[in-house]
Each structure stands twice: as C-alpha cells, then as structure tokens.
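Got the viewer open and a hand on the selection tool? Let's walk through this one stop by stop.

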Amino acid sequence: MLNGPAFKSVAPVYGELVKEHVTLFERQINIDKKDMDLEKRGAYYLFKSHPRKFVVSSRPLITTLFYCCFYHWEAGDDSIKSPVKLEKDFKLTRKQFLYTALAARTKLKKWDEVEKLLTEKGWFKSKWTADIGMDIVVDVLHRYSATRDVIQKYVKLIDDLELRFKMAAKVKSYAVAAEALISLKDQQQLIKYREKIPAVEATVHSRIEKALSDSSLRWK
C-alpha cells in the first residue's frame with residue numbers, strides 16, 4: 001500500500017530522485033534552447049566544425065556531462081552549461097567526471113587539456129594522477145582515436161609492468177610492450193611477442209635482439 005510503512009520509508013528517497021530528474025530536465029531544456037539559438041545564428045565555432053547530432057533534453061546525466069565537456073568546456077562555473085557546475089550540482093564522483101571529460105577532450109584532440117586533467121599540482125612540481133587508473137586512461141585514448149604518440153606517452157605511466165604490457169600490446173605500442181617484458185625478464189613471452197611485431201618496427205626488433213643476446217640479463 002502506498003501509505004504503508006515500507007512506502008513511507010522509501011518515499012523521501014524517491015522524492016529526491018524525482019526532484020533531481022526534474023532539475024536535470026529543466027537544465028537540459030535551457031541548454032538546448034540556448035545552443036539551438038547559437039547554432040541558428042552561426043555564432044559558435046564548434047557548432048560549425050562539429051555540428052550537434054542530438055539534443056540533450058531527456059538524455060542521461062552522463063550524456064549531458066559529455067556534451068558539456070565537448071562543447072562548453074570553458075563555460076564559467078556559474079553557467080548552466082558548465083561541466084564543473086554539472087558535477088557539483090548533481091554530486092557526480094570524481095571518477096565519473098574524469099572519465100567523461102577525458103573522453104570528450106580526447107575526441108576533440110585537445111592534448112594539453114587531457115594532460116591538465118591527469119596532472120596534480122604540488123608545492124614544488126606537478127605529478128601524474130588518474131583516479132580512474134592509467135590503464136583506463138589509455139583505453140579511453142585508444143577508443144577515441146588519440147594519436148600514437150599520445151597513447152604511448154600515457155601507457156608508459158602504468159606502474160604495474162604486466163598491466164603495462166597488456167595495454168601496450170592492445171594499443172600496438174610495440175616499444176613500450178617490449179620494454180615491459182624485458183623489465184619483467186620474461187624471455188619466453190618476449191620471443192612470442194616478437195612474432196607479432198611488424199617488420200617495419202625495426203628499432204623495436206633491434207632492441208629485442210639486443211636484450212635476448214645480453215648475457216647479463218637474468219631471465220625467468
């Protein structure tokens with residue numbers, strides 16, 4: 001029964017969910033209205049180079065975040081289009097925000113912004129950080145067609161050597177994969193992997209041959 005104890009215990013939760021859904025829908029309508037106006041007037045360069053393929057009204061929250069990260073990354077924190085405001089107002093986790101922002105900025109090939117997303121500033125120097133895991137970062141970069149150099153830059157930052165090899169092999173970052181196996185001292189896996197490396201990757205083949213013939217290396 002709707003007025004029973006069980007319903008009364010969950011009613012506040014459902015009430016908050018409904019309120020959040022309505023708030024999101026109202027914001028989506030306003031975003032679409034403003035963006036359709038910009039689109040009609042030809043007043044925004046991104047709508048020319050990357051035409052909108054859908055409206056955000058009635059879309060999931062994460063889809064809306066992706067849209068705002070893609071088209072309105074530089075919107076002020078008080079703007080309804082601001083990705084940061086969306087994160088705060090709807091209490092998104094850091095992982096949700098980072099994954100979505102990374103995907104959107106990668107799709108636009110904004111490498112400086114990708115680096116800023118993954119860099120934590122300290123008192124004396126900056127350091128790499130990735131709440132979603134550097135392997136997930138590499139997967140996102142690969143999925144959204146980042147350049148080979150960019151992918152290689154981040155796959156090198158995976159701390160776990162076995163995971164580094166796995167991801168490097170997946171994204172065909174041959175040099176990084178080979179170095180991971182050499183560091184792991186896994187001779188048999190290195191010999192097997194060598195067969196998968198294209199002949200055109202002469203530098204990588206040379207590095208592997210040098211490692212295999214190095215008597216100072218103690219293989220597993």
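**First stop: helix α3**

Start by selecting Phe-66, which sits in helix α3. Before going further, keep in mind that this is a predicted model. Show what surrounds Phe-66: beyond its neighbours within four places in sequence, the residues in contact with Phe-66 are Thr-100, Ala-103, Ala-104, Lys-107 and Tyr-144. Now add Phe-165 to the selection. How far apart are the C-alpha atoms of Phe-66 and Phe-165? They are separated by 30 Å, with the two positions 99 residues apart along the chain.

Stay in the helix and pick Thr-64, which is also placed in α3. Is Thr-64 buried or exposed? Thr-64 counts as buried, because its relative accessibility is 1%, and the cut-off for buried is under 20%. Setting aside neighbours within four places in sequence, Thr-64 is in contact with Leu-24, Gln-28, Val-56, Arg-59 and Leu-86.

**Zoom out: the whole chain**

Clear the selection and switch to cartoon. You should find 12 helices and 2 strands in the chain. Read from the N terminus, the order is α-α-α-α-α-α-β-β-α-α-α-α-α-α. The chain is more spread out than a compact globule, because its radius of gyration is 24 Å, well over the 17 Å that the globule rule gives for 220 residues. If you draw the principal axes, the C-alpha trace spans about 75 × 55 × 40 Å along them.

Next, colour by burial: 36% of the 220 residues of the chain count as buried. Turn on the surface and you are looking at about 13800 Å² of exposed area, with carbon and sulfur atoms supplying 55% of it. A contact map is worth a look too. Taking contacts in the chain with a separation of 6 or more, 52% are between residues 24 or more positions apart.

**Charges and salt bridges**

Colour by charge. There are 41 positive and 29 negative side chains, and the centres of the two sets lie 2 Å apart. The salt bridges number 15, and a few of them deserve a visit.

Select Asp-32 and Arg-52, which form a salt bridge with their closest N and O atoms 3.5 Å apart. This pair links distant parts of the chain: Asp-32 belongs to helix α1 (residues 5-41), while Arg-52 is in the loop between α2 (45-49) and α3 (61-71), 20 residues apart. Why does Asp-32 count as buried? Because its relative accessibility is 2%. Arg-52 counts as buried as well, at 13% relative accessibility.

Keep Arg-52 selected and add Glu-39. Their side chains meet in a salt bridge of 3.3 Å, N to O. Here again distant parts of the chain are linked, with Glu-39 in helix α1 and Arg-52 in the loop between α2 and α3, 13 residues apart. Glu-39 is partly exposed, its relative accessible area being 31%.

Two further selections round off this stop. Glu-113 and Arg-105 form a salt bridge of 2.7 Å, N to O, and both Glu-113 and Arg-105 are buried. Then pick Arg-27, Lys-85 and Asp-89, which are joined into one network by salt bridges that share partners.

**Over to helix α10**

Select residues 174-184, which make up helix α10. This helix is mostly covered: 8 of its 11 residues are buried. To light up the buried ones, choose Tyr-174, Val-176, Ala-177, Ala-178, Ala-180, Leu-181, Ile-182 and Leu-184. Which helices help cover them? Among the elements that do so are α8 (148-155), α9 (161-170), α11 (187-194) and α12 (202-212).

**Last stop: positive phi**

Most residues other than glycine have a negative phi. Some in this chain go the other way. Step past the end of α10 to Lys-185, which follows the helix and has a positive phi near 60 degrees.

Jump back to Ser-58, in the loop between α2 and α3. Phi of Ser-58 is positive, near 75 degrees, in a residue other than glycine. Ser-58 is exposed, with a relative accessible area of 60%.

Finish at Lys-109, in the loop between α5 (94-107) and α6 (111-117). Lys-109 is not a glycine, yet its phi is positive at about 60 degrees. Its relative accessible area is 42%, so Lys-109 is partly exposed.

Definitions and conventions. Residues are numbered from 1 along each chain as its sequence is written. This is a predicted model: local features need pLDDT of at least 70, side-chain atom pairs count only at pLDDT 80 or more; totals for chains, interfaces and linings use all residues. Side-chain values use heavy atoms; hydrogens and water are left out. Helices (H or I, at least four residues) and strands (E, at least two) are DSSP runs, numbered from the N terminus. The radius of gyration is taken over C-alpha atoms; the globule rule is 2.2 Å times the number of residues to the power 0.38. Buried means under 20% relative accessible area, exposed over 50%, partly exposed in between (1.4 Å probe, protein chains only). Contact means heavy atoms within 4.5 Å. Accessible areas come from the Shrake-Rupley method with a 1.4 Å probe; for residues, only the protein chains shown count as cover. Lys and Arg count as positive and Asp and Glu as negative; His and the chain ends are not counted. The place of a charge is taken as NZ of Lys, CZ of Arg, CG of Asp or CD of Glu. A salt bridge is a side-chain nitrogen of Lys or Arg within 4 Å of a carboxyl oxygen of Asp or Glu.
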